[in-house]
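Here is a friendly walk through a structure, written for someone who likes cut-offs spelled out. Please keep the viewer open while you read.

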Number of protein chains: 2
Amino acid sequence: MPTPVDFYYDFSSPYGYFASTRIDAIAAKHGRTVNWHPILLGAVFKVTGGAPLPSLPLKGDYARVDIARCARAFGLPFNFPPKFPIPTQVAARMNVWAQGLDAERAKTLARALYRAYFAENRDITDPEVCADVAAACDFDRAKAVVAINDQAVKDKLRLEVDGAIARNVFGSLYVLIDGEPFWGADRLDHVERWLATGGW
Amino acid sequence: MPTPVDFYYDFSSPYGYFASTRIDAIAAKHGRTVNWHPILLGAVFKVTGGAPLPSLPLKGDYARVDIARCARAFGLPFNFPPKFPIPTQVAARMNVWAQGLDAERAKTLARALYRAYFAENRDITDPEVCADVAAACDFDRAKAVVAINDQAVKDKLRLEVDGAIARNVFGSLYVLIDGEPFWGADRLDHVERWLATGGW
């Protein structure tokens, strides 16, 4: 059995949104499954000294152009969120909780949370909004609300973040294939080629 | 006549090296020419607060992997230079001087300087090395050596750098098509698609 591909993403990352719509299909084409790892880029940046794109002079302005252009290139609905970036603990915890129940449906939830934030102008820092999204993905709404403050869920997310840092993940999205790292939606072509060829 | 594509690059940028081998062919396919602009990323970073890749925690290590992998993906000869990044005034001045004589042959020189640094382990901070490369591209070797300290050449390079900063160029490589910015070798597919479609 080939090892699963690891996919790291933060819910405030537009490039993570774009990749979330493709990564499973790309992997499946080459007989691989994907393990999804929601992370908190804010916690990662504390360790790595990284900074969110909009805070960077010039690069932040460019990113706005590039992100919108990428969305159109991917053919995905996109509206630049009025609040960007955002803290993503609530969305990530809901995702982690859902993974404990049904890994595949948790992916559907992750994509729906991304769409809510980046296409539907919804505030996914709000537990009620995230619970609505979870309910629409056939998760129990009441349990979803409770899960956000569940210590076990918080601990599991912390483990994900620590695991990402331990594996040198410094951005979103980040993909690991048999230890080979790929950063950014613009590397999905390399991801695909790596899976097809076994590396070059 | 469609306006030329603008291509900005620093001689210490591996992604600039990769793109320098493709950009003219990509543009020509769509009836465009390319204006080449050697810049000094060090001067740009002073204004933008940017930093060279190797100095960034984790990202620097990743960049080493990504750069070598990109070189193989582009099918280009590549040896990671022992000194990286380097000051590129000498190479850029030689390039600017050559542009005043023959724009097309100056592109051949730029590609040869990149190859010298990134494939042949030659020290392009050394005026004598740059003069050798210029001579191999049919420029007058003695005049090339003199040009490096020519005030007019220095001024012309400064104008290029100031022009780049004025146009918000913050990295290498950077491409402008009718005002639309593209940053990075991983955006050459977007550059090509933009030229083919007129934008999306």
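The text below goes through symmetry, strands, a helix, a few single residues and the aromatic rings.

This is a predicted model, in which local features need pLDDT of at least 70, side-chain atom pairs count only at pLDDT 80 or more, and totals for chains, interfaces and linings use all residues. Residues are numbered from 1 along each chain as its sequence is written, chains are lettered from A and ligands numbered from 1 in the order in which they are written, and side-chain values use heavy atoms, with hydrogens and water left out.

**Symmetry**

Let us start with the two chains. A turn of 180° and a shift of 0.0 Å along the axis lay chain A on chain B with an RMSD of 0.0 Å; copies are superposed by least squares on the C-alpha atoms of residues with pLDDT of at least 70 in both. The two copies are thus related as by a two-fold rotation axis. Which residue of chain A comes closest to the rotation axis? A:Asp186 does, with its C-alpha at 3.0 Å. Of the interface residues of chain A, 100% are also interface residues in chain B, so the copies meet through the same surface.

**Strands**

Helices (H or I, at least four residues) and strands (E, at least two) are DSSP runs, numbered from the N terminus. Buried means under 20% relative accessible area, exposed over 50%, and partly exposed in between, with a 1.4 Å probe and protein chains only.

Strand 1 of chain A, residues 5-9, is mostly covered, with five of its five residues buried. In a regular strand the side chains alternate between the two faces of the sheet. Here A:Val5, A:Phe7 and A:Tyr9 point one way from strand 1 of chain A, while A:Asp6 and A:Tyr8 point the other way.

Two strands pair if DSSP finds at least two bridges between them. Strand 1 of chain A runs parallel to strand 2 (residues 34-38) of chain A, joined by five bridges, and A:Val5 stands opposite A:Val34 there. With strand 3 (residues 174-177) of chain A, strand 1 of chain A runs antiparallel and shares three bridges; in that pairing A:Asp6 stands opposite A:Leu176.

Over in chain B, strand 1 (residues 5-9) and strand 2 pair in the parallel sense over five bridges. B:Tyr9 stands opposite B:Pro38 in strand 2 of chain B. Strand 2 (residues 34-38) of chain B is mostly covered, with four of its five residues buried.

**A two-sided helix**

Next comes helix 3 of chain A, residues 41-48, whose buried residues are A:Leu41, A:Val44, A:Phe45 and A:Thr48. They cover an arc of only 100° around the axis, which puts them on the same side of helix 3 of chain A; the arc is that of the directions from the helix axis to the C-beta atoms. A:Lys46 and A:Val47 are exposed on the other side of helix 3 of chain A. Helix 9 (151-166) of chain A is included in what covers the buried residues of helix 3 of chain A. A:Gly49, with a positive phi near 75°, follows helix 3 of chain A.

**Two buried residues**

A:Asn95 is found in helix 5 (residues 89-101) of chain A. Is A:Asn95 buried or exposed? A:Asn95 is buried, with a relative accessible area of 0%. Contact means heavy atoms within 4.5 Å. Not counting residues up to four places away in sequence, A:Asn95 touches A:Tyr9, A:Phe11, A:Pro38, A:Ala106, A:Leu109 and A:Ala110.

B:Gly184 lies in the loop between strand 4 (180-183) and helix 10 (188-197) of chain B. B:Gly184 is buried, with a relative accessible area of 11%. Its C-alpha is separated by 5.2 Å from that of B:Leu173, 11 residues apart along the chain.

**Aromatic rings**

Rings of Phe, Tyr and Trp (its six-membered ring) pair if their centres lie within 6.5 Å; planes under 30 degrees apart count as stacked, over 60 as edge-to-face and the rest as tilted. The whole structure holds 52 aromatic pairs over all chains. The table shows two of them.

| Pair | Kind | Centre to centre | Angle between planes |
|---|---|---|---|
| A:Phe7 and A:Tyr9 | stacked | 4.9 Å | 25° |
| B:Phe84 and B:Phe118 | edge-to-face | 6.3 Å | 65° |

The pair of B:Phe84 and B:Phe118 links distant parts of the chain, 34 residues apart: B:Phe84 is in the loop between helix 4 (59-74) and helix 5 (89-101) of chain B, and B:Phe118 is in helix 6 (residues 103-118) of chain B. B:Phe84 and B:Phe118 are both buried, and A:Phe7 and A:Tyr9 are buried too.

A charge sits over a ring if NZ of Lys or CZ of Arg is within 6 Å of the ring centre and within 35 degrees of the ring normal. The charged end of B:Arg193 sits over the ring of B:Trp200, 4.7 Å from its centre.
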